[in-house]
Amino acid sequence: MDFDMILRVLLWTAVGGLLLFVLMFVDSLFTKYNDLEEVKAGNMAVTTRLILKLFAQGYILSVSISTSYHLLEAIVVSVVSFIILLALEALTELMLRNFGKLNLDKGTREGKTGYGLFAGSLHVVGALIITACL
């Protein structure tokens with residue numbers, strides 16, 4: 001491993017970490033509660049959902065970096081994947097609410113861990129589907 005490779009790893013890691021932070025921040029704007037405040041308060045449903053969402057976004061970022069030749073390409077792929085994942089989440093939660101009478105967002109906010117696990121798992125499954133296409 002030469003010095004250029006070390007610099008490349010540092011740069012890609014720093015940009016990837018910053019992008020992950022930004023994506024998770026944007027994602028938190030779409031929840032009807034404050035993720036970090038709920039985590040601090042000990043809400044395990046929100047914590048579970050947040051961890052699974054972080055894993056899903058990290059996995060998408062990991063695959064986009066490993067399949068891209070340029071850093072900008074990896075960033076664009078990650079952002080587009082994030083938007084697709086948000087749309088999939090909204091559509092799935094809408095269908096569950098209307099057809100299954102299951103409100104994942106409300107149940108998660110109320111601290112029902114099963115709801116948080118279910119909601120977070122949707123992100124992981126979405127990430128797996130998205131990355132299969134990369």
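Start with the whole protein chain in cartoon view: read along the sequence, its elements run α-α-α-α-α-α. That makes 6 helices and 0 strands. What you have open is a predicted model.

**The whole chain**

Keep everything selected for a moment. The C-alpha trace spans about 55 × 30 × 20 Å along its principal axes. If you switch on a surface, its accessible area comes to about 8000 Å², and carbon and sulfur atoms account for 73% of that. Of the 134 residues, 37% count as buried. For a contact map, take pairs at least 6 apart in sequence: 73% of these contacts join residues at least 24 apart.

**The annotated spans**

Next, colour residues 6-30, 75-92 and 113-132. An unreviewed UniProt entry annotates these residues as "transmembrane region". Select 75-92 first: this span is 100% helix and 0% strand, with its end C-alpha atoms 25 Å apart. Then move to 113-132, which is also 100% helix and 0% strand. Here the end C-alpha atoms lie 28 Å apart.

**T31, between α1 and α2**

Now zoom in on T31. You will find this residue in the loop that links α1 (3-29) to α2 (35-40). Is T31 buried or exposed? T31 is buried, because its relative accessible area of 10% is under the 20% cut-off.

Show the side chain of T31 as sticks and look for its polar atoms. One stop is the backbone oxygen of S28, 2.8 Å from a polar atom of that side chain. Another is the backbone oxygen of Y33, which lies 2.9 Å from a polar side-chain atom of T31.

Then widen the selection. Setting aside neighbours within four places in sequence, T31 is in contact with R49 and K53. Add D105 as well: D105 and T31 are 74 residues apart in sequence, yet their C-alpha atoms are 7.6 Å apart in space.

**N43, at the start of α3**

Move along to N43, in the loop between α2 and α3. N43 counts as buried because its relative accessibility is 9%, again under 20%.

Which backbone nitrogen does the side chain of N43 reach at 3.0 Å? Select A45: its backbone nitrogen is the partner, and the atom reaching it at the start of α3 is a side-chain oxygen of N43. While you are here, pick V46 too, whose backbone nitrogen lies 3.2 Å from a polar atom of the N43 side chain.

Leaving out residues up to four places away in sequence, N43 touches E38, T108, R109 and G111. Show those four residues as sticks to see what surrounds N43.

**Along helix α3**

From N43, follow α3 itself, residues 44-67. This helix has 24 residues and reaches 34 Å from its first C-alpha to its last, close to the 34 Å expected at 1.5 Å a residue.

For the last stop, look for aromatic rings: how many aromatic pairs does a search of the whole structure find? The search finds 1. Select F55 and Y59, whose rings are stacked, with 6.3 Å from centre to centre and 15° between the planes. F55 and Y59 are separated by about one helical turn, because they are 4 residues apart in α3. Finish on Y59, which counts as partly exposed because its relative accessibility is 32%, in between the 20% and 50% cut-offs.

Technical notes:
Residues numbered from 1 in each chain as written. Predicted model: local features only at pLDDT ≥ 70, side-chain atom pairs only at ≥ 80, totals over all residues. Heavy atoms only, no water. UniProt positions renumbered as here; feature names shortened; annotations may be inferred. Helix = DSSP H or I, 4+ residues; strand = E, 2+ residues; numbered from the N terminus. Buried < 20%, exposed > 50% of the residue type's maximum accessible area, 1.4 Å probe, protein only. Contact = heavy atoms within 4.5 Å. Polar contact = N/O pair within 3.5 Å; in protein donor to acceptor, adjacent residues only side chain to side chain. Expected span 1.5 Å × (residues − 1). Areas by Shrake-Rupley, 256 points an atom, 1.4 Å probe, with all protein chains shown as cover. Phe/Tyr/Trp six-rings, centres within 6.5 Å; stacked < 30°, edge-to-face > 60°.
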